[in-house]
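This briefing sets out selected features of one protein model. It begins with a single side chain and its surroundings, and then turns to a helix and to the chain as a whole.

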Amino acid sequence: MRMRAAAHTRYGPPSVLRLVETPTPVPRDDELLVTVFASTANRTDEGFLRGSPRIVRLFSGLTKPKKQILGNEFAGRVEAIGATVSTFRVGDRVFGYDGANFGGHAEAKTVRERGLVAVIPANMSYEEAAPGAEGAHYAVNLIRAARIGAGQRVLVNGSTGAIGSAAVQLLKDAGANVTAVCDTKNVGLVQSLGADRIIDYLREDFTDIDDAFDVIIDAVGKSSFRRCRALLKPRGIYLSSDLGFLAQNPILALTTPLFRRKRVMFPIPFDRKEDVLLLSDLMKSGKFRPVIDRTYPLDDIVAAFDYVETGTKVGNVVIRIREG
């Protein structure tokens with residue numbers, strides 16, 4: 001059997017993507033074969049598409065991509081299961097994240113039973129669930145690393161991106177007091193996510209406010225520890241989803257604990273099965289809903305990535321792989 005997929009055989013801009021026909025994968029004993037109905041185009045996919053920053057190529061291939069079909073998020077229906085699979089059945093509606101093998105930009109993909117895959121809540125469609133794992137799983141890792149809990153004061157810069165919009169909702173579920181930074185047109189959206197206070201960066205520089213926070217999460221990489229340090233409490237933590245200027249954040253994560261009580265953390269995200277199960281439960285209860293900006297059919301995937309590269313997307317960009 002064969003399937004349609006968006007593939008790239010060389011690094012470059014979105015225009016290097018081509019729609020191709022390729023063999024449908026066959027699941028191994030510990031894998032599911034998922035018919036994919038929806039995926040996303042996100043910043044991680046974009047980095048692997050371009051092979052940028054260059055360090056990405058240590059994992060994706062030095063001169064050309066090893067994984068030609070991108071799409072680290074997926075939502076679809078289980079079509080077949082391997083001989084040892086016991087927790088999923090044929091016909092289950094599932095969503096998940098596969099940052100090692102990608103494959104979501106195809107009509108079918110395989111995923112390990114022990115991977116980041118879970119059942120879609122009955123009250124959600126494939127397109128609603130597809131963006132429920134990537135940005136949210138990064139947000140879960142940041143919150144866990146800083147041990148953020150009830151009563152702590154947290155500022156989220158970039159509260160409308162895939163990571164930031166998930167972080168606001170997950171922080172509220174954890175009982176934190178959340179100050180969110182966004183632009184004027186997205187104030188209403190961020191209010192709906194549950195933020196306790198909103199700072200419109202077009203009207204006010206959040207680094208100039210008179211306040212103090214236990215944790216600052218920069219979910220867009222457009223600030224720095226130096227600019228945010230005055231806003232942190234004496235034992236405050238600065239977290240960023242970006243390497244920062246001259247890759248300073250990993251370096252500061254090693255040095256600031258030695259010299260200052262205020263410190264930088266740059267946690268390496270871990271893929272944990274329990275995280276995607278948590279996200280499934282939170283979506284089922286309505287405590288977390290992925291924010292969707294636009295939806296593109298697979299035929300328009302180049303336009304979808306062009307939009308992602310503008311840096312103006314709100315939440316997630318969904319790719320409709322097939323009707324369903």
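**Surroundings of Lys109**

Beyond its neighbours within four places in sequence, Lys109 is in contact with Pro25, Leu32, Leu33, Val34, Val36, Phe74, Asp98, Phe102, Gly103 and Gly104. The model is a predicted one. Lys109 itself belongs to strand β6, which spans residues 108–112.

- Lys109 counts as buried because its relative accessibility is 4%, and buried means under 20%.
- Two polar partners of the Lys109 side chain can be named. One is the side chain of Asp98, with which Lys109 makes a polar contact at 3.1 Å.
- The other is a backbone atom: the Lys109 side chain reaches the backbone oxygen of Phe102 at 2.7 Å.
- Asp98 and Phe102 both also appear among the residues in contact with Lys109.

**Helix α1**

- Helix α1 covers residues 43–50, and 6 of its 8 residues are buried, so the helix is largely enclosed by the rest of the structure.
- The buried positions in α1 are Thr44, Asp45, Glu46, Gly47, Phe48 and Leu49.
- These buried residues of α1 pack against strand β3 (31–41) and against three helices, namely α2 (57–60), α4 (134–145) and α10 (301–308).
- At the start of α1, the backbone nitrogen of Thr44 has a side-chain oxygen of Asn42 within 3.2 Å.
- Just after α1, Gly51 adopts a positive phi of about 65°.

**Overall architecture**

- The protein contains 10 helices and 15 strands.
- The radius of gyration is 20 Å, which agrees with the value near 20 Å for a compact globule of 324 residues.
- Taken along the principal axes, the C-alpha atoms fill a box of roughly 60 × 45 × 40 Å.
- Of the contacts with a separation of 6 or more, 68% join residues that are 24 or more positions apart.

**Burial, surface and charge**

- Of the 324 residues in the protein, 52% are buried.
- The protein exposes about 14,900 Å², and carbon and sulfur atoms supply 52% of that area.
- There are 44 positive and 37 negative side chains in the protein.
- The centres of the positive and negative sets lie 5 Å apart.

Terms used. Residues are numbered from 1 along each chain as its sequence is written. This is a predicted model: local features need pLDDT of at least 70, side-chain atom pairs count only at pLDDT 80 or more; totals for chains, interfaces and linings use all residues. Side-chain values use heavy atoms; hydrogens and water are left out. Helices (H or I, at least four residues) and strands (E, at least two) are DSSP runs, numbered from the N terminus. The radius of gyration is taken over C-alpha atoms; the globule rule is 2.2 Å times the number of residues to the power 0.38. Buried means under 20% relative accessible area, exposed over 50%, partly exposed in between (1.4 Å probe, protein chains only). Contact means heavy atoms within 4.5 Å. Accessible areas come from the Shrake-Rupley method with a 1.4 Å probe; for residues, only the protein chains shown count as cover. Lys and Arg count as positive and Asp and Glu as negative; His and the chain ends are not counted. The place of a charge is taken as NZ of Lys, CZ of Arg, CG of Asp or CD of Glu. A polar contact is a pair of N or O atoms within 3.5 Å; within protein, one must be able to donate a hydrogen and the other to accept it, and residues adjacent in sequence count only if both atoms are side-chain atoms.
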